[in-house]
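Q: Can you walk me through this one? I'm new to it, so keep the answers short.

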Amino acid sequence: MTSAPQPVAEGSVRLHENNKEIESIQLLIEGSLSQFGYPDAAMFAIRLSLEEAMMNGFRHGNLADPSKFVEVRWRIDSNSANFHVIDEGEGFDPEAVPDPTLDENLEIPSGRGLMLIRAYMSDARYHDPGNHLEMTFRKVAK
Amino acid sequence: MSTETSRIRVTDLSGVLRVEFVDKDILDEAAIRQISTELVKRVEAAASPRMLISFRGVEHLSSAALGTLITINSLTKKRGGQLRLSDIKPSIMEVFTITKLNKLFQIFETSQKALEGFGGK
């Protein structure tokens with residue numbers, strides 16, 4: 001017996017650092033998540049993680065060069081939401097980012113984006129050379 | 001006295017500056033920079049600044065916004081003052097807990113509780 005293919009929402013976009021463009025992608029993705037029954041907490045987690053990932057790409061990857069873009073790809077179904085966020089930078093070693101939760105680092109105002117992504121998503125990893133973040137949120141078991 | 005800027009509302013409550021946000025999402029870097037500039041100006045204008053930042057109505061907060069809060073907290077302390085935070089909804093409180101910034105900031109459930117013992121009314 002063959003089962004009907006699972007519906008899926010997928011897409012990709014190349015963004016410059018423009019708030020309206022970023023907001024419209026967030027809304028589009030939020031619409032798909034809602035369609036697949038993701039709860040509010042999941043939408044909060046994904047929105048924050050995407051925001052942090054894009055900002056890291058624009059700031060640390062593209063070094064705020066307005067001519068460079070960040071590519072976002074997504075694939076959402078009723079079980080999981082998978083994202084790729086790719087910048088035009090040279091990449092970095094995510095293990096070299098100091099732990100911002102250590103007492104001695106608590107007052108450093110930056111460096112929390114990646115840890116929030118890791119906390120909120122089920123899985124987050126950088127592909128070599130470190131300019132390509134892939135992250136997944138699994139609806140059932142985080 | 002209440003002063004409206006484009007991103008925050010600041011009210012002077014007998015020497016305590018209560019700050020509220022106009023936007024429900026504090027994510028956009030340009031807006032965060034604007035908020036930061038305004039808050040720094042406010043803190044630097046007071047001898048020993050007492051500031052209460054209320055998050056009533058705020059739905060989303062990025063790490064860049066946390067960075068601004070850390071900067072303001074350090075600056076108020078340096079100037080012999082104090083920063084308190086209040087009205088943080090549970091989903092945003094989780095962001096503070098994950099980053100362990102709940103250990104750094106003085107966080108109160110409501111503005112009213114934060115104002116107790118803070119010299120304001």
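**A first look at chains A and B**

Q: How are contacts in chain B with a separation of 6 or more spread along the sequence?
A: Residues 24 or more positions apart account for 74% of them. Two residues are in contact if their C-beta atoms, placed from the backbone, lie within 7 Å.

Q: What should I know about the model and its numbering?
A: It is a predicted model: local features need pLDDT of at least 70, side-chain atom pairs count only at pLDDT 80 or more, and totals for chains, interfaces and linings use all residues. Residues are numbered from 1 along each chain as its sequence is written, while chains are lettered from A and ligands numbered from 1 in the order in which they are written.

Q: How many helices and strands does chain B have?
A: Chain B has 4 helices and 8 strands. Along the sequence the pattern reads β-β-β-β-α-β-β-α-β-α-β-α. Helices (H or I, at least four residues) and strands (E, at least two) are DSSP runs, numbered from the N terminus.

Q: Which residues of chain B make up strand E7, and how many are buried?
A: Strand E7 of chain B covers residues 82–86, and 4 of its 5 residues are buried, so this strand is largely enclosed by the rest of the structure. Buried means 20 or more other C-beta atoms within 10 Å of the residue's own; exposed means 12 or fewer, and partly exposed is in between, with C-beta atoms placed from the backbone. Over chain B, 40% of the 121 residues count as buried.

Q: Which strand pairs with E7(B) over 5 bridges?
A: That is strand E5 (residues 50–54) of chain B, in the parallel sense. Two strands pair if DSSP finds at least two bridges between them. B:Ile53 stands opposite B:Leu85 in E7(B).

Q: And which one pairs over 3 bridges?
A: Strand E8 (residues 106–108) of chain B pairs with E7(B), again in the parallel sense. There, B:Arg84 has B:Gln106 in E8(B) as its bridge partner.

Q: Through what does the chain cross from E7(B) to E8(B)?
A: Through helix H3 (residues 90–98) of chain B, in a right-handed β-α-β crossover. Right-handed means that, with the strands pointing away from the viewer, the path from the first strand over the helix to the second runs clockwise.

Q: New topic. How many residues of chain B are in contact with chain A?
A: 20 residues of chain B are in contact with 19 residues of chain A. The largest share of chain B's side, 7 residues, comes from H2(B).

Q: What about chain A: which strands form its open sheet, and in what order?
A: 5 strands, in the order E1-E2-E3-E5-E4, with antiparallel pairing. The edge strands are E1 (9–15) and E4 (123–127) of chain A, each pairing on one side only.

Q: How many bridges join E2 and E3 of chain A?
A: Strand E2 (residues 70–76) and strand E3 (residues 80–86) of chain A pair over 6 bridges, in the antiparallel sense. One pair of partners is A:Arg75 and A:Asn82 in E3(A).

Q: Back to chain B. Is B:Ser6 buried or exposed?
A: B:Ser6 is exposed, with 10 other C-beta atoms within 10 Å. B:Ser6 lies in the loop between strand E1 (2–4) and strand E2 (8–13) of chain B.

Q: How far apart are B:Ser6 and B:Gln34?
A: They are 28 residues apart in sequence and 8.8 Å apart in space, C-alpha to C-alpha.
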